[in-house]
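Biologist: I have a model open and I'd like to learn how to read it. Could you take me through a few features?

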Amino acid sequence: MDFLKALPCLKFCCFLLCFGLLLSISFSALAYSNFVRVSDVISTSKPDVGANHTVNFTVTTAIPASGKIVITPIEEFFNIPANFDFTEVDLATSSSSAGPFIDRTLGSSPSSNVDGVTVATGTEGSITITLNSSTGINTGDYVEIKIGTNAIFGTTGDKQIHNPTSTDSYKVYLKSYDSGDILLDRATAMIAIISPVSVIASTTPDTLPPVRYNGLPTGTLPLGTTNVSMSLNTSEWAYCRYATTADVLYSSMVNNISETPSLFHSTNIGGLSDGNSYTFYIRCVDTYNNTNTDDYLISFAIPAPGTGDGDEGGTSGGGGATYPPVATLPEVIMAGWAYPSSRVVILKDGKIEKDTRADTLSKFSSTFSGLEQGVYTFSVWSEDSEGRRSITDSSTFLVRAGTRTTLSVFLPPTIELGGDTLASGETLQVFGQTVTGSELEFWIYPSVDEGDLLDEEIIKKTATTTSNGRYIFTFNTESLPEDTYEIKVRSSFPLAGTSEFSKVLYFGIGKPPSISFCKRADLNTDGKVNLVDFSILLHYWGTTDPEADINFDGKIDLTDFSIMMYCWTG
């Protein structure tokens, strides 16, 4: 994440990125059971091309021997080619989402130990898998079905289902039946077909020298000034030198302003005296060896005594002071409230810089000194006494030389559910921790798309913390119809104000919760999917941390990134 600091001045366009995207959501008619953890990952989201499908779901109602699984892409849009058969299909099951998945033997028709595959081709096609007469699929089993050239068990497939010709979101219907064709489970996976996104790195080399600006000091300085802090900014990382005469090549200048690449350059100039004017000629070179061929001037004057110019009411004294005072390196202080004696982790540009603890009153403070001037992203999260992690609070801003920036943080409460699937009328239990003595406000509401939620649909409840900032909140769900719901909490504390809301958790009444991946992509739950969420995703890249695992597949990888890009708001 070090590139964030140099973001304003980098001279590249970006990286080439073409990706396929899955966004799967489970729907169900209330009269039937639902498959859960449903997804259909396609190998490419490009319109009008062939694509492999990997369908995953968890069985809610056991599929008996001779039962069926039917996969039907929405008609008129997907095209299953002629001669598509069982060789383009693999069926595997596991008792764990992480596997291993055990392949079942498939053929053109079912037998005592072979599952049969029949395919209706064309734009109104479907794939039916009829289980063998001996072995069904149990409740709770994880099912993985590969369709296309990714089907390699036994015989490798050589055909693919053709994607729709237009960009949009399309449905793929999943159903299971018993041996008498009675519907058992059903669900719908949603696939996004999008044009490839190509952001191509510029092949044009950087040939422009740095732009110089904001030169200081200027004008008439106070009488008696004997030293100045001469400074300027450049538009990109550069080295700068100065001369006291015009038209000196950078390579011939002997006075360094900056000996390491920087965006802010300063040096102390001494030996000044009253009644004189001074001009300094500055040239810089960037890290691509592009050098200024013209002079940038910093000019100022110190008046003679008795001329009435400048500030004659005081002098620099004591051998002369620097004007203006030499700019110190910037400093950032991150301070605020977490949880009593909790672990507090602070990141700079996505990398952990401080791992400290809050005191018994929940307060923490940490100072970053010796920073270069530039743009930084500072983030903080905390872990409560039960190991529950807060959301990540992030701020991106420009740090200027000679400044001290204090970030005040009030981390929202942690939150955990006693269970995420409840029968109507069952009590919802919520646990967490915040600052001792805080007032808590809980929001409970149906899980709907952004903008579709009405204020009257939000149930708001209050509670208080127990000792050490812990809380236990209970809610009777008898008033909630069967649906998926969201819950979040914020904290109010007299010395800190009101926090943002916690992370959002989901629970289902009468069925497991069905979760919007776009809401999951908002990793810091600020209502936007933007660079802050991207930096959090990169921090957890390649790990299995559930905080950033948007699609719940047990790893943070390109699929999570693809979903984030699809849901990007900026």
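Modeller: Sure. Bear in mind that this is a predicted model. Let's start with Phe561: buried means under 20% relative accessible area, and phenylalanine 561 comes out at 11%, so it counts as buried.

Biologist: Which ring does phenylalanine 561 pair with, and how are the two planes set?

Modeller: For ring pairs, look at the distance between centres and then the angle between planes. Planes under 30 degrees apart count as stacked, over 60 as edge-to-face and the rest as tilted. The rings of phenylalanine 534 and phenylalanine 561 have centres 5.8 Å apart and planes at 50°, so this pair is tilted. Phenylalanine 534 belongs to helix α2 (residues 531-539) and phenylalanine 561 to helix α3, so to speak two distant parts of the chain, 27 residues apart, linked by one pair. Phenylalanine 534 is buried too, with a relative accessible area of 17%.

Biologist: Which other residues of α3 are buried?

Modeller: Helices have a simple rhythm: an α-helix has 3.6 residues a turn, so residues three or four places apart point the same way. In α3, the buried residues are Asp560, Phe561, Ser562, Ile563 and Met564. Their cover includes α1 (517-521) and α2.

Biologist: And leucine 558, is that one buried or partly exposed?

Modeller: Leucine 558 is in α3, which spans residues 558-566. Its relative accessibility is 43%, so leucine 558 counts as partly exposed. Together with Leu538 and Trp541, Leu558 makes a nonpolar surface patch of about 260 Å².

Biologist: Back to rings. How many aromatic pairs are there?

Modeller: The count comes to 13 aromatic pairs. Take phenylalanine 280 and phenylalanine 300: their centres are 6.0 Å apart and their planes at 20°, so they are stacked. This pair also links distant parts of the chain, with phenylalanine 280 in strand β19 (residues 276-286) and phenylalanine 300 in strand β20 (residues 296-302), 20 residues apart. Phenylalanine 280 is buried at 6% relative accessible area, and phenylalanine 300 is buried at 4%. Ring pairs also tie Tyr242, Tyr278, Phe280 and Phe300 into a cluster.

Biologist: Which residues touch the most other members in the largest nonpolar core?

Modeller: With a core, ask who sits in it and which elements supply it. This one has 31 residues, and Phe57, Val89, Ile127, Ile145, Ile147 and Leu174 touch the most other members. Strands that each supply at least two residues include β4 (53-58), β11 (142-147), β13 (168-177) and β14 (183-193). The top contributor is β14, with 4 residues. Leaving aside neighbours within four places in sequence, leucine 174 has contacts that include Val55, Phe57, Val70, Ile71 and Ala187.

Biologist: Where does serine 176 lie?

Modeller: Serine 176 is in strand β13. At 0% relative accessibility, serine 176 counts as buried. Beyond its neighbours within four places in sequence, serine 176 is in contact with Phe35, Ile63, Lys68, Ile69, Ile182, Leu183, Leu184 and Asp185.

Biologist: What about a loop residue, say isoleucine 415: buried or exposed?

Modeller: Check the number rather than the element. Isoleucine 415 is in the loop between β28 (404-410) and β29 (416-417), and it is buried, with a relative accessible area of 6%. Its C-alpha atom is 7.7 Å from that of lysine 488, although these two are 73 residues apart along the chain. Not counting residues up to four places away in sequence, isoleucine 415 touches residues including Arg388, Phe431, Tyr471, Lys488 and Leu505.

Notes: Residues are numbered from 1 along each chain as its sequence is written. This is a predicted model: local features need pLDDT of at least 70, side-chain atom pairs count only at pLDDT 80 or more; totals for chains, interfaces and linings use all residues. Side-chain values use heavy atoms; hydrogens and water are left out. Patches are made of residues with over 30% relative accessible area and no salt bridge: like charges are joined within 9 Å, nonpolar side chains (Val, Leu, Ile, Met, Phe, Trp, Tyr) within 5 Å. Accessible areas come from the Shrake-Rupley method with a 1.4 Å probe; for residues, only the protein chains shown count as cover. A salt bridge is a side-chain nitrogen of Lys or Arg within 4 Å of a carboxyl oxygen of Asp or Glu. Buried means under 20% relative accessible area, exposed over 50%, partly exposed in between (1.4 Å probe, protein chains only). A nonpolar core is a set of buried Ala, Val, Leu, Ile, Met, Phe, Trp, Tyr and Cys residues joined through side-chain atoms within 4.5 Å. Contact means heavy atoms within 4.5 Å. Rings of Phe, Tyr and Trp (its six-membered ring) pair if their centres lie within 6.5 Å; planes under 30 degrees apart count as stacked, over 60 as edge-to-face and the rest as tilted.
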